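Colleague: I have a model open on my screen, and I would like to know how each label in it is earned. Could you take me through the reasoning, one step at a time?

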Amino acid sequence: MSDSGTWIEIVLLAMLAGFIGLRLVSVLGKRTGSEKPVGDAFRPGNPAVVPVAATRVEAPARRLITIPTGTAADLAPALQAVADADPSFEPEKFVTGAQAAYRMILEAYWSGDAAAMDKLVSDEVATHFQRAIEQRGGTALANKLVRIDAAAITAAQMIGQMAEVTVRFDADIVAEGSTADAETHDVWTFSRHVGTYDPAWLLIATDVHA
């Protein structure tokens, strides 16, 4: 009886184990060997690196300047250096603007209107003109710029971020008290800080060429 009861218990336990095994298979499924390890969804792992085609950034094309008529060809490298630092610099347009400034500054000086030179000359040059106006008692001069016969760049250079360009003006002027034109040859140097948004060139030095 005892042996019979033992066999019955073994059979029941075997049936129970088989039943539990079938339940586990139905709930968890079978392993196929391709499953991710437990916890993979929260593990950084090593993401695949997708190769990106190398992108070559083309440098902007260098804008070659044109030498204005009357300007020495050997000034090309110096003028190109200014244009490289200041993309807005064009020698021919610069000369045209310099002639306009030459006329405006002379007329302001002759009329005794120092304020009209604002934003056209440096502080040092403004002081120089102001003193000259005061020395003649502030009176206006009846001078007249008849014409500018020629204007040519004679020098150019970069000093840090300061561009300097020198222009020689050959002009005919009628001085007060005279009825005849007189030739004048002025050499003016203009400067601009290329690192600013202000496009204005200021007169920083004047000289007279014989």
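**Reading the labels**

Modeller: Gladly! Let us begin with one pair: I148 has A171 as its bridge partner in β2. Please keep in mind that this is a predicted model.

Colleague: What makes β1 and β2 a pair of strands?

Modeller: Pairing requires at least two bridges between the strands. β1 and β2 are joined by 13 bridges and run antiparallel, so they pass that cut-off. Their hairpin has two residues between the strands, and there G160 takes a positive phi near 65 degrees.

Colleague: How many helices and strands are there, and what order do they follow?

Modeller: The protein chain has four helices and four strands. Along the sequence they read α-α-α-α-β-β-β-β.

Colleague: Why is T166 called buried?

Modeller: T166 sits in strand β2. Its relative accessibility is 12%, and buried means under 20%, so T166 earns the label. Setting aside neighbours within four places in sequence, T166 is in contact with A152, I153, T154, A155, V187, W188 and T189.

Colleague: And why does V208 count as exposed?

Modeller: V208 belongs to strand β4, residues 202-208. Here the relative accessibility is 62%, and the word exposed needs a value over 50%, so V208 is exposed. Not counting residues up to four places away in sequence, V208 touches H185 and D186. V208 and H185 are 23 residues apart in sequence, with their C-alpha atoms 5.9 Å apart in space.

Colleague: What share of the protein chain is buried?

Modeller: Of its 210 residues, 28% are buried. The protein chain exposes about 14700 Å², and carbon and sulfur atoms supply 60% of that area.

Colleague: Now the charged pairs. How do you know that K93 and E90 form a salt bridge?

Modeller: We compare a distance with a cut-off. The N to O distance between their side chains is 3.8 Å, and a salt bridge asks for a Lys or Arg nitrogen within 4 Å of an Asp or Glu carboxyl oxygen. K93 and E90 therefore qualify. K93 is exposed at 60% relative accessible area, whereas E90 is partly exposed at 34%.

Colleague: What makes R168 and D170 a salt bridge?

Modeller: The reasoning runs along familiar lines: their N to O distance is 2.8 Å, and the limit is 4 Å, so the pair counts. R168 has a relative accessibility of 23%. Partly exposed covers values between 20% and 50%, so that is the label for R168.

Colleague: Which residue does D181 bridge to, and where do the two partners lie?

Modeller: D181 forms a salt bridge with R147, and their closest N and O atoms are 4.0 Å apart. This pair links distant parts of the chain: D181 is in the loop between β2 (162-174) and β3 (182-193), while R147 is in strand β1 (residues 144-159), 34 residues apart. D181 is partly exposed at 43%, and R147 is partly exposed at 39%. A network of salt bridges links R147, D149, D172 and D181. The structure holds seven salt bridges.

Colleague: Let us go inside. Which residues touch the most other members of the largest nonpolar core?

Modeller: They are F94, Y102 and F190, in a core of 39 residues. The elements that give two or more residues to this core are α2 (76-85), α3 (91-111), α4 (123-135), β1, β2 and β3. Of these, α3 gives the most, with 10 residues. In soluble globular proteins, nonpolar side chains tend to be buried together.

Colleague: What does F190 touch?

Modeller: Leaving out residues up to four places away in sequence, the contacts of F190 include F94, A98, A101, W201 and L202.

Colleague: One last point: how do you know that the buried residues of α2 line one face?

Modeller: The buried residues of α2 are L79, Q80, V82 and A83. Seen down the axis of α2, they fall within an arc of 160 degrees, so they line one face of the helix. An α-helix has 3.6 residues a turn, so residues three or four places apart point the same way. The buried residues of α2 pack against α3, β1 and β2.

Definitions and conventions
Residues numbered from 1 in each chain as written. Predicted model: local features only at pLDDT ≥ 70, side-chain atom pairs only at ≥ 80, totals over all residues. Heavy atoms only, no water. Buried < 20%, exposed > 50% of the residue type's maximum accessible area, 1.4 Å probe, protein only. Contact = heavy atoms within 4.5 Å. Areas by Shrake-Rupley, 256 points an atom, 1.4 Å probe, with all protein chains shown as cover. Core = buried A, V, L, I, M, F, W, Y, C linked by side-chain atoms within 4.5 Å. Arc of directions from axis to C-beta.
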